[in-house]
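Colleague: Could you walk me through this model before I look at it in detail? I may jump between topics.

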Amino acid sequence: MIEYSPRFGGSGIAYAGVSLATYYEDESIPATDRSREVAALAAWFEAVGLRVSADGLYDLIVDNGQISDEPFVEDSLKEFFAATALGEPPAQEEGSP
């Protein structure tokens with residue numbers, strides 16, 4: 001899950017790999033909109049001075065009912081962020097969100 005400032009039109013949450021509604025098979029969890037989240041994330045990155053590929057984001061973010069073809073989403077996210085001026089995100093401990 002990627003949380004970002006929602007002022008750019010998205011919900012403020014985008015999912016990589018699988019959305020919560022899909023993972024838990026729970027229709028009460030709000031649906032995701034991949035195109036909207038990708039556009040909002042790209043605008044968010046641009047607002048903080050980073051140019052990112054919308055195609056690269058589109059490859060990472062999933063829509064409701066979709067599961068990524070990428071078997072190691074965490075590695076793809078690390079590679080994506082490492083290619084930006086933000087660098088690779090810090091490692092999280094086992095079991096942390």
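**Contacts, helix 2 and the core**

Modeller: Let me start with one residue: Thr22 touches Asn64, Gly65, Gln66 and Ile67, leaving aside residues up to four places away in sequence, where contact means heavy atoms within 4.5 Å. This is a predicted model, in which local features need pLDDT of at least 70 and side-chain atom pairs count only at pLDDT 80 or more, while totals for chains, interfaces and linings use all residues. Residues are numbered from 1 along each chain as its sequence is written, and side-chain values use heavy atoms, with hydrogens and water left out.

Colleague: Is Thr22 buried or exposed?

Modeller: Thr22 is buried, with a relative accessible area of 19%; buried means under 20% relative accessible area, exposed over 50%, and partly exposed in between, with a 1.4 Å probe and protein chains only.

Colleague: And which backbone atom lies 2.7 Å from a polar atom of its side chain?

Modeller: That is the backbone nitrogen of Gly65, which lies 2.7 Å from a polar atom of the Thr22 side chain.

Colleague: Switching topic, how many helices and strands does the protein have?

Modeller: There are 4 helices and 2 strands, in the order β-β-α-α-α-α along the sequence; helices (H or I, at least four residues) and strands (E, at least two) are DSSP runs, numbered from the N terminus.

Colleague: What about helix 2, which residues are buried there?

Modeller: Helix 2 covers residues 34-47, and its buried residues are Arg34, Glu37, Val38, Ala40, Leu41 and Phe45. They pack against strand 1 (2-3), strand 2 (13-14), helix 3 (54-60) and helix 4 (73-82).

Colleague: What happens at its two ends?

Modeller: At the N-terminal end, Asp33 caps helix 2 through a side-chain oxygen 3.3 Å from the backbone nitrogen of Ser35, and just after the helix Gly49 takes a positive phi of about 90°.

Colleague: Which residues touch the most other members of the largest nonpolar core?

Modeller: Of its 16 residues, those are Leu41, Phe45, Leu57, Ile61, Leu77 and Phe80, and helix 2, helix 3 and helix 4 each supply at least two residues of this core. A nonpolar core is a set of buried Ala, Val, Leu, Ile, Met, Phe, Trp, Tyr and Cys residues joined through side-chain atoms within 4.5 Å.

Colleague: What does Leu41 touch?

Modeller: Not counting residues up to four places away in sequence, Leu41 touches Ile2, Tyr4, Ala14, Leu57 and Ile61.

Colleague: And how much of the protein counts as buried?

Modeller: Of the 97 residues, 31% count as buried.

Notes. A polar contact is a pair of N or O atoms within 3.5 Å; within protein, one must be able to donate a hydrogen and the other to accept it, and residues adjacent in sequence count only if both atoms are side-chain atoms. The expected span of a helix is 1.5 Å times one less than its number of residues.
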